[in-house]
Amino acid sequence: MRIDVLTIFPEYLEPLRAALLGKAIDKKLISVDVHDLRDYTHDVHKAVDDSPYGGGPGMVMKPQVWGEALDDVCKPDADGTLPRLIVPTPAGQPFTQETAREYARLPWLAFACGRYEGIDQRVVDDAAGRMQVDEVSIGDYVLVGGEVAVLVMVEAVARLLPGVLGNPASAEQDSFSDGLLEGPSYTRPELWRGLAVPDVLRSGNHKLIDRWRRDQALERTFARRPELLDRLADDQLDKHDRAL
Ligand SMILES: Nc1cc(-c2cccs2)n[nH]1
């Protein structure tokens, strides 16, 4: 998978080169190229933003700069492929595990990191004439810029790629993979500060263990995110689940 990131703070994306993702880059499972938006300015001040039409607080990022940057970075590759252009914004569609799974199937992602009060809307409208553009939100809160959102999304997507995680089963069993929150986990010692590991987990009876884990996931989901249960298809809950 090819990943391009356009930003005015390239150093913000350095964490992508650390740890697990750094190893994935070394193994050439992903390539990450970060582009400094200011390289596409032509004035002495390297201006990337301006006052908003219609007034109001803050600044809006200039369309000319973004237009040149996207033309340069999102050029069709050898077989004419263009990237999925992803624009983090609090006003976007929710980025979920399902989105991560969709993106993990794509060959090329390009992320446009907005700052200030956002990017001139014509940048998205113009790019949408050439490639699919997704405006996505990683949560109902407002960040200062899109770079942190890109770190979140790249990690959520890259961990799904074959060879990135040591144990692929982790990605299959993590929260949301079956529509439920993950239940509690335990490791040694058996007793810690007077707190014991649930006996069932030391029973060796894997049928019972699986049942207990499913029950814990259902109870936790019901307690913390009941709306996720509404989304479960009828065939995903068996009669034991319904009895809980
Ligand atoms: N979910 C989300 C995205 C954002 C921002 C993206 C770009 C600037 S602020 N805040 N919250």
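Helices, labelled H or I, are DSSP runs of at least four residues and are numbered from the N terminus; in this predicted model, helix H1 in that sense spans residues 19–26 and contains Leu20. The chain is divided into two domains, domain 1 covering 2–158 and domain 2 covering 174–243, and a ligand is present whose accessible area of 310 Å² is covered to 95% by the protein. The points below take up the domains, the surroundings of the ligand, the aromatic pairs and Leu20 in turn.

**Domains**

- Domain 1 runs over residues 2–158, whereas domain 2 takes in residues 174–243.
- Between the C-alpha centres of domain 1 and domain 2 there is a separation of 37 Å.

**Ligand surroundings**

- There are 13 residues around the ligand, and those that come nearest are Ser137, Ile138, Gly139, Tyr141 and Leu143.
- Ser137 places a polar side-chain atom 3.1 Å from a nitrogen atom of the ligand, while for Ile138 a polar backbone atom is found 3.0 Å from a ligand nitrogen atom.
- Leu143 likewise presents a polar backbone atom, which lies 2.9 Å from a nitrogen atom of the ligand.
- Of the 310 Å² of accessible area that the ligand has on its own, the protein covers 95%.
- In composition, the shell around the ligand has 7 nonpolar and 6 polar residues, with no charged residue.
- Strand E5, which is made up of residues 84–94, gives the most to this shell, contributing 3 residues.

**Aromatic pairs**

- The structure holds 2 aromatic pairs, and in one of them the ring centres of Phe9 and Tyr12 are 6.5 Å apart with the planes at 55°, so this pair counts as tilted.
- Phe9 has a relative accessible area of 29% and is therefore partly exposed, and Tyr12, at 38%, is partly exposed as well.
- The rings of Phe95 and Tyr103 have their centres 6.2 Å apart and their planes at 40°, an angle that falls between the limits of 30 degrees for stacked and 60 for edge-to-face, so this pair is also tilted.
- Phe95 and Tyr103 are both buried, whereas Phe9 is partly exposed.

**Leu20**

- Leu20, a residue of helix H1, has a relative accessibility of 39% and therefore counts as partly exposed, since this value lies between the cut-offs of 20% for buried and 50% for exposed.
- Leu20 and Lys62 are 42 residues apart along the chain, and their C-alpha atoms are separated by 35 Å.

Conventions. Residues are numbered from 1 along each chain as its sequence is written. This is a predicted model: local features need pLDDT of at least 70, side-chain atom pairs count only at pLDDT 80 or more; totals for chains, interfaces and linings use all residues. Side-chain values use heavy atoms; hydrogens and water are left out. Domain bounds come from an automatic or database domain assignment. Rings of Phe, Tyr and Trp (its six-membered ring) pair if their centres lie within 6.5 Å; planes under 30 degrees apart count as stacked, over 60 as edge-to-face and the rest as tilted. Buried means under 20% relative accessible area, exposed over 50%, partly exposed in between (1.4 Å probe, protein chains only). A residue is near a molecule or strand if one of its heavy atoms lies within 4 Å of it. A polar contact is a pair of N or O atoms within 3.5 Å; within protein, one must be able to donate a hydrogen and the other to accept it, and residues adjacent in sequence count only if both atoms are side-chain atoms. Accessible areas come from the Shrake-Rupley method with a 1.4 Å probe; for residues, only the protein chains shown count as cover. Helices (H or I, at least four residues) and strands (E, at least two) are DSSP runs, numbered from the N terminus. Ala, Val, Leu, Ile, Met, Phe, Trp, Tyr, Cys and Pro count as nonpolar, Asp, Glu, Lys and Arg as charged, and the others, Gly among them, as polar.
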